[in-house]
Amino acid sequence: MTAASNGRRPVAVTGVLMALTLVACTPDQENDTMTPEQSRQKLISEIITVIQAMAPGARVDSSVEDRDLPCGGLAGAEYTSVHSYVVVTGSAGIGGTETDVMAKTRTPLEQKGWKITRNRKSGETSRFSVDKPGTGSGVLLVSPEDIVFNGETLCVDNPDR
């Protein structure tokens, strides 16, 4: 008796479809009340606040690298929901020992509600994977020269669909 003839295939297909649906928009990474522009501005303003707390007086610039990419539907490939990628850069960095950099980075992030999910150091650059429910996620790169955030907004409903 084969799996298809004993009824297992539909169960397996259903399991795969459920897993793909979960990948499309995971909890804390979607928000049905914000527009795509509001989601971008929320993430950018949150990170600007963090960078300014880390390096007071730093000039901060931001840009939207990719706008309104699909994240809705099965496997996140439909434009019913969209997200964007942003870059925020601070003109001043943080130097010192690894402990100094960690303290100067962790405190402002945690005070603003961000969670550090992973951190590592490569040469003089420390990398912090961060996320904040209702805001977005990304990687914060901290070096003696500058601070760079590469992030992803929440998956929000596409008002054009």
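The following dialogue takes up the terms used for this predicted model and sets each value against its cut-off.

Reader: What makes helix α2 oblique to helix α3?

Author: The axes of α2 (residues 36-54) and α3 (residues 98-111) cross at roughly 140 degrees and come within 9 Å. Angles over 145 degrees count as roughly antiparallel, and those from 65 to 115 as roughly perpendicular. The crossing of α2 and α3 falls in neither range and is not under 35 degrees, so the pair is oblique. The crossing is also right-handed.

Reader: Which residues of α2 and α3 meet?

Author: On the side of α2 they are Val50, Ala53 and Met54, and on the side of α3 they are Lys104, Thr105, Pro108 and Leu109. By class, five of the residues in this contact are nonpolar, one is polar and one is charged.

Reader: Why is the pair of Arg67 and Glu37 called a salt bridge?

Author: A salt bridge requires a side-chain nitrogen of Lys or Arg within 4 Å of a carboxyl oxygen of Asp or Glu. The closest N and O atoms of Arg67 and Glu37 are 3.6 Å apart, so the pair meets the requirement. It is one of six salt bridges in the structure.

Reader: What does the pair of Arg67 and Glu37 tie together?

Author: Arg67 belongs to strand β2 (residues 60-72) and Glu37 to helix α2, so the salt bridge links parts that are 30 residues apart in sequence.

Reader: How do you know whether Arg67 and Glu37 are buried, partly exposed or exposed?

Author: Buried means under 20% relative accessible area and exposed means over 50%. Arg67 has 45% and Glu37 has 36%. Both values lie between the cut-offs, so both residues are partly exposed.

Reader: What makes Arg59 exposed, and what is said of its partner Asp61?

Author: Arg59 has a relative accessible area of 54%, which is over 50% and therefore counts as exposed. Asp61, at 39%, is partly exposed. The side chains of these two residues form a salt bridge with an N to O distance of 3.3 Å.

Reader: Why are Glu110 and Arg106 said to be separated by about one helical turn?

Author: They are four residues apart in helix α3, and that spacing is about one helical turn. Their side chains form a salt bridge at 3.0 Å, N to O. Glu110 is partly exposed at 44%, and Arg106 is partly exposed at 29%. Elsewhere, salt bridges that share partners join Glu37, Arg40, Arg67 and Asp68 into one network.

Reader: How do you know whether Arg40 is buried or exposed?

Author: Arg40, in helix α2, has a relative accessible area of 4%. That value is under 20%, so Arg40 is buried. Leaving aside residues up to four places away in sequence, Arg40 touches Val64, Arg67, Asp68, Ser84 and Thr153.

Reader: What makes the phi of Asp68 worth a remark?

Author: Most residues other than glycine have a negative phi. Asp68 is not a glycine, yet its phi is positive, at about 55 degrees. Asp68 is in strand β2 and, at 28% relative accessibility, is partly exposed.

Reader: Where is Ala75 found, and what is its phi?

Author: Ala75 is in the loop between β2 and β3 (78-90). Its phi is positive, at about 65 degrees, although Ala75 is not a glycine. Its relative accessibility of 42% lies between 20% and 50%, so Ala75 counts as partly exposed.

Terms used:
Residues are numbered from 1 along each chain as its sequence is written. This is a predicted model: local features need pLDDT of at least 70, side-chain atom pairs count only at pLDDT 80 or more; totals for chains, interfaces and linings use all residues. Side-chain values use heavy atoms; hydrogens and water are left out. Axes are lines fitted to C-alpha atoms, for helices over the stretch in contact, and angles run from 0 to 180 degrees between N-to-C directions. Helices (H or I, at least four residues) and strands (E, at least two) are DSSP runs, numbered from the N terminus. A crossing is left-handed if the near helix is turned anticlockwise from the far one by less than a right angle, and right-handed if clockwise. Contact means heavy atoms within 4.5 Å. Ala, Val, Leu, Ile, Met, Phe, Trp, Tyr, Cys and Pro count as nonpolar, Asp, Glu, Lys and Arg as charged, and the others, Gly among them, as polar. Buried means under 20% relative accessible area, exposed over 50%, partly exposed in between (1.4 Å probe, protein chains only).
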